[in-house]
Amino acid sequence: MLRKIFSTVAISLLILFTVTLSAQNNSPIPVQKTSKIKFLKTEAFKHTDVGNPAIAGTVTASDGGFDITAGGADVWGVKDEFNFVFIEKTGDFDFAARVESLTATHQYTKAGLMAREDLTPGSRHIYFQIFPNNNQRNKNNGGFEYQYRQVTDGEMKAIYPVRFDGTPDFPVTFPNTWIRLKREGNKFTGYAGTDGKSWKEYDSFTLDLPEKIYLGPAVTSHKTTEITTAKFRNIGNILK
């Protein structure tokens, strides 16, 4: 009888312990709330192709944002090819935008927010970016990814989601895919959202970029012979 009771208790504890571990492994990502964005005028931005893509990019101001058409081999490796819409920004910032759509020219077509040291192809930078959909990619099961180049002309690296199977924690949800990049000193943090007010932190990385950098939307088709179009809207600074 005692053996039976002990076995029952042991099994119950094992089930409880297993459930607890599972809950820890699948704990929800905290949500940060913001309430106010100051939208920026499109006239404040410039644009350029970086890395001399075979197909030149074009930018059209539309609905308080931009339709960015870009070619380019990629933003990856030791040099980049993409179209960049930017402002020059000094010091800390909290910058956000809504991506209404992104044409799926390639599985690795990319659009996102970039903080870049200069406009050379091998420049150091932070790039918090999205893909055109939530298909499985390498170690990523969602549409967001955090990338950076730590050394000039060095290899880029990526930070992947903690979980890369099952339901993605960071899916793209066009036309309401919100993306945010925040700088505090040399710490750069990427956030994802769906409404411009509730944000899940993706990850952060510390990179000693200069006080004054180039900041804004960056788009590459990842296919030198074809273009992609990204529609950025509601571009602005988060005030609180």
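When I call a residue buried this morning, I mean that its relative accessible area is under 20%, and by that rule 45% of the 240 residues of this chain count as buried. Please keep in mind throughout that what we have on the screen is a predicted model.

Let me start with the overall make-up. The chain has one helix and 18 strands, and its accessible surface comes to about 11700 Å², of which 55% belongs to carbon and sulfur atoms. If we take the contacts between residues at least 6 apart in sequence, 71% of them join residues at least 24 apart.

Now to the strands. Strands of a sheet pair through backbone hydrogen bonds, either parallel or antiparallel. Here, seven strands form an open sheet with antiparallel pairing, and reading across it the order is E3-E8-E17-E10-E11-E12-E13. Which strands stand at the edges? They are E3, residues 46-50, and E13, residues 157-159, and because each has a single partner strand, one side of each is left without a neighbour in the sheet. From one strand to the next, the twist averages 25°.

I would like to spend a little time on strand E12, which covers residues 144-149 and pairs with strand E11, residues 125-130, in the antiparallel sense over six bridges. Along this pairing, His125 stands opposite Arg149 of E12, and Tyr127 stands opposite Gln147, also of E12. With E13, strand E12 again pairs in the antiparallel sense, this time over three bridges, and there the bridge partner of Tyr146 is Ile159 in E13.

Is E12 enclosed or open to the outside? Six of its six residues are buried, so E12 is largely enclosed by the rest of the structure. Both of its faces are covered, with Phe144, Tyr146 and Tyr148 buried on one side, and Glu145, Gln147 and Arg149 buried on the other.

That brings me to the nonpolar cores. In soluble globular proteins, nonpolar side chains tend to be buried together. The largest nonpolar core in this model has 37 residues, and those that touch the most other members are Phe144, Tyr146, Leu181, Phe188 and Phe232. Strand E9, residues 93-102, gives the largest share of this core, namely five residues. Apart from it lies another core, of nine residues, which includes Val75, Phe82, Phe84 and Ala218.

Phe144 deserves a closer look, since we have now met it both in E12 and in the largest core. Setting aside neighbours within four places in sequence, Phe144 is in contact with a list of residues that includes Phe128 and Ile130, then Phe170, Pro171 and Val172, and also Trp178, Ile179, Ala192 and Tyr202.

Finally, the charged side chains. Side chains of opposite charge can pair when their charged atoms come close. The count comes to twelve salt bridges, and I will go through three of them in detail.

In one of these, Asp74 and Lys110 meet at 3.0 Å, N to O. Asp74 lies in the loop between strand E5 and strand E6, while Lys110 is in strand E10, so the pair ties together parts that are 36 residues apart in sequence. Asp74 has a relative accessible area of 12% and is buried, and Lys110 is buried too, with a relative accessible area of 2%.

In another, Arg116 forms a salt bridge with Asp80, with 2.8 Å between the closest N and O atoms. Arg116 is in strand E10 and Asp80 in strand E7, and this pair links distant parts of the chain, 36 residues apart. Are these two buried or exposed? Arg116 counts as buried, at 0% relative accessibility, and Asp80 likewise counts as buried, at 0%.

The remaining one of my three joins Arg180 to Asp94, where the closest N and O atoms are 2.8 Å apart. Since Arg180 lies in strand E14 and Asp94 in strand E9, the pair ties together parts that are 86 residues apart in sequence. Arg180 is buried, and so is Asp94.

Beyond such pairs, there is also a network of salt bridges, in which Asp63, Asp67 and Arg233 are linked.

To draw this together, I would ask you to look once more at E12, which is largely enclosed by the rest of the structure, and at its residues Phe144 and Tyr146, which are among those that touch the most other members of the largest core.

Note on methods: Residues numbered from 1 in each chain as written. Predicted model: local features only at pLDDT ≥ 70, side-chain atom pairs only at ≥ 80, totals over all residues. Heavy atoms only, no water. Pairing = 2+ DSSP bridges. Helix = DSSP H or I, 4+ residues; strand = E, 2+ residues; numbered from the N terminus. Axes fitted to C-alpha atoms, helices over the stretch in contact; angles between N-to-C directions. Buried < 20%, exposed > 50% of the residue type's maximum accessible area, 1.4 Å probe, protein only. Contact = heavy atoms within 4.5 Å. Areas by Shrake-Rupley, 256 points an atom, 1.4 Å probe, with all protein chains shown as cover. Core = buried A, V, L, I, M, F, W, Y, C linked by side-chain atoms within 4.5 Å. Salt bridge = Lys/Arg side-chain N within 4 Å of Asp/Glu carboxyl O.
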